[in-house]
Amino acid sequence: MLYIVGTPIGNLGDMSPRGIETLKKADFIAAEDTRVTRKLLSRFDIHTPMISYHEHNRRESGEKIVARLLGGEVCALVTDAGMPAVSDPGRDLVALCAERNIPVTVVPGPCAVTAAVALSELAGGRFCFEGFLSTAKRNRREHLKSLEREERVMVFYEAPHKLLNTLRDMLAQFGERKITVAREMTKLHEEVYRATLSAAIERYEQSPPKGELVLVVQGAAPPAGVSEPPVDLAREYIDQGMSLRDAVRRAAEETGFSRSELYRLTVGGYL
């Protein structure tokens, strides 16, 4: 069995009792950085042996972990902070386990994405997670260009030394938008800064940031004259006994909304 174990994003007091128990009972722990994880284990008197599993050894180490799992051992996968397999190589290990029919389960824990969204007051129930932007200027700008018309709030991870370039590219690509910059969440010097992109650029030009950052950026405004997708109408027809396909077709005909787009949104929210 592979356990995906969420760990604190800053404050070690956020470690769950079930997470502690899982780390203690596992045969071994696969850690992104054993030096970081050792501090966590020391805090909770956990003596389970560790092996290294990170971006640069994921293929070789992943095969070794899978071999041990197939031999009957239990592994607990942790990242330096937050949920493994989200913007880290843990996803590759989960995929390997799926290929070999090795059971995988999760012990949920803190997550910087949802914490930042909650602090931002921007999401309104819908957001998309875009992870880290590329360090290459061209790739970063192409990524942002692909999101130019994204109406949902967008969440990004960012490193402090890249922040200004990212904010400038966002302003150039998106125009003025609201942004929340969440820094060092749950730690001693936690900071939540709510502003516009241009104001954030001015602030961080004068005072370069330190620590880990999560950016929550306002989505694009709907095109003029375009109403909200009539998902509620389609759901109402479904509740009246219509099939999903017929309900979507009727709602689209009555509102003029794209049938294929309405079908996608209704399936995603209704099933």
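Modeller: The rings of Phe, Tyr and Trp pair if their centres lie within 6.5 Å, and planes over 60 degrees apart count as edge-to-face. This is a predicted model, and Phe129, Phe132 and Tyr157 form one aromatic cluster in it.

Colleague: How many aromatic pairs does a search of the whole structure find?

Modeller: The search finds 3 aromatic pairs. One of them joins Phe129 and Tyr157, with 5.0 Å from centre to centre and 70° between the planes.

Colleague: What makes the pair of Phe129 and Tyr157 edge-to-face?

Modeller: The limit for a pair is 6.5 Å between centres, and edge-to-face needs planes over 60 degrees apart. The values for Phe129 and Tyr157 are 5.0 Å and 70°, so both conditions are met and the pair is edge-to-face.

Colleague: Which parts does this pair tie together?

Modeller: Phe129 lies in strand E6, residues 127-132, and Tyr157 lies in strand E7, so the pair ties together parts that are 28 residues apart in sequence.

Colleague: Why is Phe129 called partly exposed, and why is Tyr157 called buried?

Modeller: Buried means under 20% relative accessible area, exposed means over 50%, and partly exposed is in between. Phe129 has 30% relative accessibility, so it counts as partly exposed. Tyr157 has 13%, so it counts as buried.

Colleague: How do you know that the pair of Tyr193 and Tyr204 is edge-to-face?

Modeller: The ring centres of Tyr193 and Tyr204 are 5.9 Å apart, and their planes stand at 85°. The first value is within 6.5 Å and the second is over 60 degrees, so this pair is edge-to-face. It links distant parts of the chain: Tyr193 is in strand E9 (residues 191-196) and Tyr204 is in helix H8 (residues 197-206), 11 residues apart.

Colleague: Are Tyr193 and Tyr204 buried or exposed?

Modeller: Tyr193 has 15% relative accessibility and counts as buried. Tyr204 has 2% and counts as buried too.

Colleague: Which residue lies over the face of Tyr193?

Modeller: Arg203 lies there, at 4.3 Å from the ring centre. In the other case of this kind to mention here, Arg68 lies over the face of Phe28, at 3.8 Å from the ring centre. A charge over a ring must be within 6 Å of the ring centre, so the distances for Arg203 and Arg68 satisfy that part of the rule.

Colleague: How many disulfides does the search find?

Modeller: It finds 0 disulfides in the whole structure. A disulfide is a covalent bond between the sulfur atoms of two cysteines.

Colleague: Why is there no bond from Cys97 to the closest cysteine sulfur?

Modeller: The closest sulfur belongs to Cys75, at 7.9 Å from that of Cys97. A disulfide needs two sulfur atoms within 2.5 Å, so this is too far for a bond. Cys97 is buried, with a relative accessible area of 0%. For Cys111, the closest cysteine sulfur is in Cys128, 14 Å away, which is also too far.

Colleague: What makes the phi of Ser87 worth a remark?

Modeller: Most residues other than glycine have a negative phi. The phi of Ser87 is positive, near 60°, and Ser87 is not a glycine. Ser87 lies in the loop between strand E4 (75-78) and helix H4 (90-99). Its relative accessible area is 33%, so Ser87 is partly exposed.

Colleague: What is the phi of Thr186, and where is its place?

Modeller: Thr186 has a positive phi of about 70°, although it is not a glycine. Its place is in the loop between E8 and E9. At 27% relative accessibility, Thr186 counts as partly exposed.

Colleague: Which residues lie nearest the centre of the second largest pocket?

Modeller: They are Ala81, Ala112, Phe132, Tyr157 and Glu212, out of 26 lining residues. The pocket holds about 600 Å³ of space. Strands E7, E8 and E10 each supply at least two residues of its lining. By class, the lining has 14 nonpolar, 4 polar and 8 charged residues.

Colleague: How many cavities of 30 Å³ or more are there?

Modeller: The count is 1. The largest cavity has a volume of about 40 Å³, and its lining includes Glu32, Tyr53 and Leu77.

Notes. Residues numbered from 1 in each chain as written. Predicted model: local features only at pLDDT ≥ 70, side-chain atom pairs only at ≥ 80, totals over all residues. Heavy atoms only, no water. 1 Å grid on protein atoms, 1.4 Å probe; cavity = no way out; pocket = protein on both sides within 12 Å on 5 of 7 lines; lining within 4 Å. Points joined across faces, edges and corners; volume = space filled by probe spheres on them. Helix = DSSP H or I, 4+ residues; strand = E, 2+ residues; numbered from the N terminus. Nonpolar A, V, L, I, M, F, W, Y, C, P; charged D, E, K, R; others polar. Phe/Tyr/Trp six-rings, centres within 6.5 Å; stacked < 30°, edge-to-face > 60°. Buried < 20%, exposed > 50% of the residue type's maximum accessible area, 1.4 Å probe, protein only. Lys NZ or Arg CZ within 6 Å of the ring centre and 35° of its normal.
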